[in-house]
Each structure stands twice: as structure tokens, then as C-alpha cells.
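Biologist: I'm new to this one and would love a close look at a single part. Could you pick a helix and walk me through how its sides differ, then show me what else is worth a look?

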Amino acid sequence: MIEKIVEALRTDILLGVKGIYHQLSPHGCKYPNIVYKVISDVPALHGDNVELQSRVTVRIHIITKDGNYHNIYRRVNRTMTDLGFMRVQAVDMIEDGLKMKVIDYRTGVDAL
């Protein structure tokens, strides 16, 4: 699933990001960039004592120096909803002089 997200974000050339990273962006990287991670993977549906589906939440940070992330956010949101995710929340943040949009997306995943 994560591979599909990264592939979809990387193929969207209109995003205009300088990199897509897992869990944290490296020191000295270029901006804007995207950081993603799974923040929750919990059982959601059971039958006959077997997990049938889990609920997965992915957090995406759009990190910029100037706060100009609105177009990137629209593209990310479209990409994630096309992949079957639902936006759960979005928060604007400032940390260490960087301006970020942090978005959580959730989906159900059938158990293997």
C-alpha cells in the first residue's frame, strides 16, 4: 500500500516537490518536500475470531520554507482520494522556521 502511495505521488509531476521521504526529511534537503508515514494500523472488522479488515492511517507532511503548499496540498489530496483514502484531518504548523501542512488519510485494508 505505501508503495502505491509513493509511486502515485512521484508520478504526479505537477506536485513540484523536491523529494518524497519516509518518516523524516534528511538534513540539508531541498524544499518543498513531502514526508509520509503510517501512524496507525488497527483491526477494524472481525469474523469468526479472524481479522478481516484493518484501518490504516497515513500522515503526510508537506514541508516548505515559505508556506506556499496550497497547490501541492490539492494534488496530494486528489492523489490520496483516488487511491481510496479519506482525509481525516489537516493542520497547519510551523516548526524550526519551516511551514507545513500535515494531513491524515485513512482507509480500510482487507486482511491477507
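Modeller: Let's start with the outward side of helix α2: the face turned away from its buried side carries the exposed residues N71 and D82. Bear in mind that this is a predicted model. Now turn to the other side, where I72, Y73, V76, T79 and M80 of α2 are buried. Looking down the axis of α2, you would see these buried residues fall within an arc of 130 degrees, so they line one face of the helix. The general rule behind such a pattern is that an α-helix has 3.6 residues a turn, so residues three or four places apart point the same way. As for its dimensions, α2 covers residues 70–82, which makes 13 residues. From its first C-alpha to its last, α2 reaches 18 Å, close to the 18 Å expected at 1.5 Å a residue.

Moving along the chain, you come to strand β4 (residues 86–95) and strand β5 (residues 98–110), which pair in the antiparallel sense over 9 bridges. In this pairing, I94 stands opposite K99 in β5. The hairpin of β4 and β5 has 2 residues between the strands, and D96 takes a positive phi near 55 degrees there.

One more stop is on the surface: L45, V50 and L52 make a nonpolar patch of about 250 Å². Of these, L45 has its place in strand β2 (residues 33–47). L45 is partly exposed, with a relative accessible area of 43%; a residue counts as buried under 20% and as exposed over 50%, so L45 falls in between.

Definitions and conventions
Residues numbered from 1 in each chain as written. Predicted model: local features only at pLDDT ≥ 70, side-chain atom pairs only at ≥ 80, totals over all residues. Heavy atoms only, no water. Pairing = 2+ DSSP bridges. Helix = DSSP H or I, 4+ residues; strand = E, 2+ residues; numbered from the N terminus. Patch = residues over 30% accessible without salt bridge, like charges linked within 9 Å, V, L, I, M, F, W, Y side chains within 5 Å. Areas by Shrake-Rupley, 256 points an atom, 1.4 Å probe, with all protein chains shown as cover. Salt bridge = Lys/Arg side-chain N within 4 Å of Asp/Glu carboxyl O. Buried < 20%, exposed > 50% of the residue type's maximum accessible area, 1.4 Å probe, protein only. Expected span 1.5 Å × (residues − 1). Arc of directions from axis to C-beta.
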